[in-house]
Amino acid sequence: MALGSLKPYLDLTRIHFFFVWPLLFCSGLFLSFPRYGGFEWALVGRAAAIALLGFEAGFVLNDLVDGDVDALDVEDSLTRYWRPFGTRPIPMGSVPRGGAAALFLGLVATASALIFTLPYPNSVYVFAIMAYSYVVEVFYQLRKRGQAWPLAQLLGRTDFSLFPVAGYLCNGRPDAVALLYFLFFYPFAQAHLGANDIVDAVNDEARGLATVPHLYGVRGAKRWIHGFTLLHAVAAVLFTRVHGWVAVAGLGVGLLLLLAANTRIHRGESQEEWLRALPFFHAAMLVYVVSMIADFFV
């Protein structure tokens, strides 16, 4: 495929972030090894492939559901941040809906085939989380088109929060550690969502979406971000109980990065200033997951 015809698909899948999703998923997997054994590189490779295919399918699904409202965008700063060539392929017509749907189904089918190479009942746990996540993603995209309170946000981001838990369940079982990871990651997902929403508030207003700034204003959106970051910090303290010193140090560095992000958002008065905070969220997440994986080898 020529580069020109490939570019829309690279934007559709946000391909420049491809390495993050396997790392996030495998951070849960590596957390399971000290408790359940079973470490082998073949399993790590399968888990990484499941993560990459499954998460990319979620991006495609997001664009399929939101293609009509994305056409109403009036500003492209966040689009250029998330997509390597800065385009929304479905509204532009550079990727037909049928082609995007076929890509989604192909990614899901391949991820599912890999999932069912996992032993029972781990395969069932992971497949159930994947299916639930896609249903909740559609609910999130549709519900935020008209709501009086943030049910879409509160329920919708459980999909992202369960993603590393699914990695844990590739090898482990539903237990207190899996619950701690969910409780740690859910408030981070909500703070990250609030940061995305405040950056994209102009577009969301044009789309008519009931996002956090629409429901509570800019000041309320900042409180949403700060409040969930605080809950995340509390959960991080509890989460240290299941980690060694490398991961604990990573949690500390990540929290410092989130403090910097929150400071920028709190002081910022424009989209450009708030956008500069987003990389701090992503750097914090990357530090978290890399330190969790490294902790296994120390």
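In this predicted model, helix H6 (residues 97–115) and helix H7 (residues 122–143) pack against each other, their axes coming within 9 Å and crossing at roughly 160 degrees. With the cut-off for roughly antiparallel set at over 145 degrees, H6 and H7 therefore count as roughly antiparallel to each other. The crossing of H6 past H7 is right-handed. On the H6 side, the contact is built from Phe104, Val108, Ala111, Ser112 and Ile115, while H7 brings in Ser123, Val126, Phe127, Met130 and Tyr134. Sorted by character, the residues of this contact come out as 8 nonpolar and 2 polar, with no charged ones.

The link between these two helices has a feature of its own. Pro121 sits in the loop between H6 and H7, and the peptide bond leading from Tyr120 into Pro121 is cis, with omega near 5 degrees.

A second helix pair shows up further along the chain. H12 and helix H13 (residues 245–267) pack at an angle of about 170 degrees, and their axes are 10 Å apart. That angle makes H12 roughly antiparallel to H13. From H12, the contact takes Lys222, Ile225, His226, Thr229, His232, Ala233, Ala236 and Phe239; from H13, it takes Leu251, Leu255, Leu258, Asn262, Ile265 and His266. Here the tally is 8 nonpolar, 5 polar and 1 charged.

Thr229 is worth picking out of that list. This residue belongs to helix H12 (residues 212–239). Its relative accessibility is 11%, and since buried means under 20%, Thr229 counts as buried. Setting aside residues up to four places away in sequence, Thr229 touches Leu258 and Asn262, along with Ala191. Leu258 and Asn262 are both on the H13 side of the helix contact just described.

Next comes the nonpolar core. The largest one holds 87 residues, and the members touching the most other members are Trp21, Phe25, Tyr181, Phe184, Phe239 and Phe281. Helix H10 (residues 176–199) is the top contributor to this core, giving 14 residues. Phe239, one of those well-connected members, also turns up on the H12 side of the contact with H13. As for Trp21, leaving out neighbours within four places in sequence, the contacts are Ala51, Phe55, Glu56, Phe59, Phe160, Phe163 and Met285. Glu56 is among these partners, and Glu counts as charged.

Another aromatic residue, Phe30, lies in helix H2 (residues 20–36). Phe30 has a relative accessible area of 4%, so it is buried. Beyond residues up to four places away in sequence, Phe30 is in touch with Phe39, Trp41 and Val44, and also with Ile293, Phe296 and Phe297. Going back 12 residues along the chain from Phe30 leads to Phe18, and the C-alpha atoms of the two are separated by 19 Å.

Finally, the loop between helix H1 (3–12) and H2 holds Arg14. The backbone at Arg14 has a phi near 50 degrees, which is a positive value in a residue other than glycine. Arg14 has a relative accessible area of just 6%, so this arginine is buried, even though Arg is classed as charged.

Terms used
Residues numbered from 1 in each chain as written. Predicted model: local features only at pLDDT ≥ 70, side-chain atom pairs only at ≥ 80, totals over all residues. Heavy atoms only, no water. Helix = DSSP H or I, 4+ residues; strand = E, 2+ residues; numbered from the N terminus. Buried < 20%, exposed > 50% of the residue type's maximum accessible area, 1.4 Å probe, protein only. Contact = heavy atoms within 4.5 Å. Axes fitted to C-alpha atoms, helices over the stretch in contact; angles between N-to-C directions. Parallel < 35°, antiparallel > 145°, perpendicular 65-115°, else oblique. Left-handed = near helix turned anticlockwise from the far one by under 90°. Core = buried A, V, L, I, M, F, W, Y, C linked by side-chain atoms within 4.5 Å.
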